[in-house]
2 protein chains.
Amino acid sequence: MSATIPTAAVLLIGDEILSGRTKDRNLGYIADYLAALGIDLKEARVVPDIEAEIVAAVNALRARYTYLFTTGGIGPTHDDITAESVAAAFDVPIDHNPKAVAILTAYFAEIGREANEARMRMARIPKGAVLIENPVSKAPGFQMANVFVMAGVPRIMQAMMDEIAPRLAKGVPMAVRNIEFRGGEGDVAKPLSQVQDRYPSVVIGSYPFQAPDGFATNLVLRSRDVAALDKALAEVQAIATDLVAEGKARGWS
Amino acid sequence: MSATIPTAAVLLIGDEILSGRTKDRNLGYIADYLAALGIDLKEARVVPDIEAEIVAAVNALRARYTYLFTTGGIGPTHDDITAESVAAAFDVPIDHNPKAVAILTAYFAEIGREANEARMRMARIPKGAVLIENPVSKAPGFQMANVFVMAGVPRIMQAMMDEIAPRLAKGVPMAVRNIEFRGGEGDVAKPLSQVQDRYPSVVIGSYPFQAPDGFATNLVLRSRDVAALDKALAEVQAIATDLVAEGKARGWS
């Protein structure tokens, strides 16, 4: 079944994330978005605004996964080099795209902004790419083969994901179950691993958190095989209930 | 000068980030922390709980940068495989570390928790590694050569960074200046790039945001050469002031 499930990587491009200035909110959004489409996000990377770094990451990730989604670096300023870098990664020329020029020229005329050289730089698109519409501020992203190049501004990136979604092959979404266990990971670890061994088609994760009355653990089960998932869920639920009843669940780790 | 500046990468380990279940807060924290120490964070990656993926990322990043910081996967449950994976990356054995065993045994006795097999799994440390103390829940992280392996729980990771800091070579922190420009990137792009060309030792970034009265742009200048930084800052400030005065600054892009 997994052979039929599309895979994906995310590449966040920008010095501002690595410098700490900007706290990324795009990865989590894209992760949720792809999960809902049944596309498995397998890897993410963050690279600075350096062409060689962007080229290397784009080529490594586009070769390995069904799709690559990038955010950042498509604005009008000198530090926006994503389009040129993606063109270099595909070894194709980049120039002003007539459709993008038309969109931006009309938009700037409409809102009374000068269509200056810098703004029209946002119409530079690698040869062979298909535009991704930007309903927020018009400057388009683009799709080059299996690579989707989006803005870094969350509101614009989110609108672009909606434009992209119809172009994507969909998978079977993972079904997810969560049990909030009033004990520590160390209390439940052994029986939990035994359930994991019995249900290889179910991915079982354990995530401690601080509850109002002490530390507790979220037990998360994920699978595309709902029958196996609910069997595993019942077993984990029984284990958690027994541990609490026996007073063996004692909080964090 | 840059030859004397330590570099770093961050590796976030865990299915929960790629599935969207957990929204990472560690990268931004570590980025800020390293910036304050004058260590340049150059790259970040997120990989799932799969040994081959962790090994490949650890070996790629530790070879390339002065330091590698990892978060996640050092708990007691079956899905915590970071310690084993780092041992595999370095091709060294992993076993119960006597100092870690002593710390955990004493702690579990003190708080009345069973030192069961799963909990004591947290004392398994690759051969040759040095422990990183965990003042929150005692289960230690470890340093293996230039790789620092930390917990994924933010509160614990943050305490571990404080334990690690004295072991790190410090660089010259980047000085940072910010100008909030009441206009769009497209208004300032051309003169800004001319300033960038005149000051190669200053990194100038442009980040649009939505202000109460419309879109605006943060112009961020970063450098280790404070004299050049403040000269460039004065030029950018003059450009921004003139554009607003001339009514040429017109918001987003």
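These notebook entries record what I looked up on symmetry, domains and helix packing in a predicted model.

**Entry 1: relation of the two chains**

I began with the general case: two copies of a chain are related by a rotation about an axis and a shift along it. I then looked up the values for this pair. Chain A is laid on chain B by a turn of 180° with a shift of 0.0 Å along the axis, and the RMSD is 0.0 Å. I therefore record the relation as that of a two-fold axis. I noted for the contact that the same surface serves both copies, since 100% of the contact residues of chain A recur in chain B.

Which residue of chain A comes closest to the rotation axis? I found A:Arg45, whose C-alpha lies at 2.1 Å from the axis.

**Entry 2: domains of chain A**

I consulted the domain assignment of chain A, which gives domain 1 as 7–167 and domain 2 as 175–245. For the separation of domain 1 and domain 2 of chain A, I noted 38 Å between their C-alpha centres.

**Entry 3: α2 and α7 in chain A**

I looked up helix α2 (residues 26–37) of chain A against helix α7 (residues 154–164) of chain A; their axes cross at roughly 20° and come within 11 Å. Angles under 35 degrees count as roughly parallel, and α2(A) and α7(A) are therefore entered as roughly parallel to each other. I recorded the crossing of α2(A) past α7(A) as right-handed.

I listed the residues that make this contact. From α2(A) they are A:Asn26, A:Tyr29, A:Ile30, A:Tyr33 and A:Leu34. From α7(A) they are A:Pro154, A:Met157, A:Gln158, A:Met161 and A:Asp162. Sorted by class, the contact of α2(A) with α7(A) has 7 nonpolar, 2 polar and 1 charged residues.

**Entry 4: α8 and α9 in chain A**

I turned to helix α8 (residues 185–198) of chain A and helix α9 (residues 226–245) of chain A, which pack at about 165° with axes 10 Å apart. Are α8(A) and α9(A) roughly parallel or roughly antiparallel? Angles over 145 degrees count as roughly antiparallel, and α8(A) and α9(A) are therefore roughly antiparallel to each other. Their crossing is right-handed.

On the α8(A) side I noted A:Asp187, A:Val188, A:Pro191, A:Leu192, A:Val195 and A:Arg198. These meet A:Ala232, A:Glu235, A:Val236, A:Ile239 and A:Leu243 in α9(A). I counted by class 8 nonpolar, no polar and 3 charged residues in the contact of α8(A) with α9(A).

**Entry 5: α8 and α9 in chain B**

I repeated the lookup in chain B. Helix α8 (residues 185–198) of chain B packs on helix α9 (residues 226–245) of chain B at about 165°, with 10 Å between the axes. I therefore entered α8(B) and α9(B) as roughly antiparallel to each other, and their crossing as right-handed. Among the residues in contact are B:Leu192 and B:Val195 of α8(B), and B:Val236 and B:Ile239 of α9(B). The classes in the contact of α8(B) with α9(B) are 8 nonpolar, no polar and 3 charged.

Definitions and conventions
Residues are numbered from 1 along each chain as its sequence is written. Chains are lettered from A and ligands numbered from 1 in the order in which they are written. This is a predicted model: local features need pLDDT of at least 70, side-chain atom pairs count only at pLDDT 80 or more; totals for chains, interfaces and linings use all residues. Side-chain values use heavy atoms; hydrogens and water are left out. Copies are superposed by least squares on the C-alpha atoms of residues with pLDDT of at least 70 in both. Contact means heavy atoms within 4.5 Å. Axes are lines fitted to C-alpha atoms, for helices over the stretch in contact, and angles run from 0 to 180 degrees between N-to-C directions. Helices (H or I, at least four residues) and strands (E, at least two) are DSSP runs, numbered from the N terminus. Angles under 35 degrees count as roughly parallel, over 145 as roughly antiparallel, 65 to 115 as roughly perpendicular and the rest as oblique. A crossing is left-handed if the near helix is turned anticlockwise from the far one by less than a right angle, and right-handed if clockwise. Ala, Val, Leu, Ile, Met, Phe, Trp, Tyr, Cys and Pro count as nonpolar, Asp, Glu, Lys and Arg as charged, and the others, Gly among them, as polar. Domain bounds come from an automatic or database domain assignment.
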